[in-house]
Amino acid sequence: MTIDELRAKAAERQQTCSQIKKMIVSRLDLEIEPGWITDDQPLFGRGLELDSLDVLELYVAIEAEFGVALYDSEMAVFGSVSRLADEVNPALRATA
């Protein structure tokens, strides 16, 4: 992979993460700026402190905005914004 390809992939990841952060803040009516959420910040527990109702809202929002259906067995993708980005945009996943 060339340096230009790496830069393009990094820019695409940043754009997808930014879109996810805006969606989270908008859909959950959070009183924070999307930029305050870091890409690797946990969404549950000590992170954004989301609960199960918030996850249901995010399931609907992700399907509407990205056209990706998530299921209960895929709860691990809600570990962080970065993990969600990998799921909604498979092109971002690391390749060997």
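Guide: A salt bridge is a side-chain nitrogen of Lys or Arg within 4 Å of a carboxyl oxygen of Asp or Glu.

Visitor: How many salt bridges does the structure hold?

Guide: There are 4. Keep in mind that this is a predicted model, where local features need pLDDT of at least 70, side-chain atom pairs need 80 or more, and totals for chains, interfaces and linings use all residues. Residues are numbered from 1 along each chain, and side-chain values use heavy atoms, without hydrogens or water.

Visitor: Which residue forms a salt bridge with D4?

Guide: R7 does. The closest N and O atoms of D4 and R7 are 3.9 Å apart.

Visitor: Where do D4 and R7 lie?

Guide: Both sit in helix α1 (helices are DSSP runs of H or I, at least four residues, numbered from the N terminus). They are 3 residues apart, which is about one turn of the helix.

Visitor: Is D4 buried or exposed?

Guide: D4 is exposed, because its relative accessible area is 54%. The cut-offs are under 20% for buried and over 50% for exposed, with partly exposed in between (1.4 Å probe, protein chains only). R7 is exposed too, at 55%.

Visitor: Next pair. Which side chain meets R13 in a salt bridge?

Guide: D86, at 2.5 Å from N to O. R13 is in helix α1 and D86 is in helix α3, so this pair ties together parts that are 73 residues apart in sequence. R13 counts as partly exposed, because its relative accessibility is 22%.

Visitor: And D39, which side chain does it meet in a salt bridge?

Guide: That of K21, with 2.7 Å from N to O. D39 belongs to the loop between α1 and α2, while K21 is in helix α1, so the bridge links parts 18 residues apart in sequence.

Visitor: Does K21 count as buried or exposed?

Guide: K21 counts as buried, because it has 13% relative accessibility. Its partner D39 is partly exposed, at 28%.

Visitor: Now S82. What is it in contact with?

Guide: Contact means heavy atoms within 4.5 Å. Leaving aside neighbours within four places in sequence, S82 is in contact with R13, C17, D39 and D40. R13 and D39 came up in the salt bridges with D86 and K21. S82 lies in helix α3. At 15% relative accessibility, S82 is buried.

Visitor: Let's go inside. Which residues touch the most other members of the largest nonpolar core?

Guide: I20, I24, I62 and F78, out of 25 residues in that core. Such a core is a set of buried Ala, Val, Leu, Ile, Met, Phe, Trp, Tyr and Cys residues joined through side-chain atoms within 4.5 Å.

Visitor: Which helix gives the most to this core?

Guide: Helix α2, with 6 residues. Three helices each supply at least two: α1 (3-27), α2 (52-66) and α3 (81-88).

Visitor: What does I62 touch?

Guide: M23, G67, V68, L70, F78, L84 and V88, not counting residues up to four places away in sequence. F78 is another of the core residues with the most touches.

Visitor: Last topic. What does the UniProt annotation for residues 14-92 say?

Guide: The unreviewed entry gives "domain: Carrier" for that span. UniProt positions use the numbering used here, feature names are shortened, and annotations may be inferred rather than shown by experiment. In the model, the span is 47% helix and 0% strand. Its end C-alpha atoms lie 10 Å apart.
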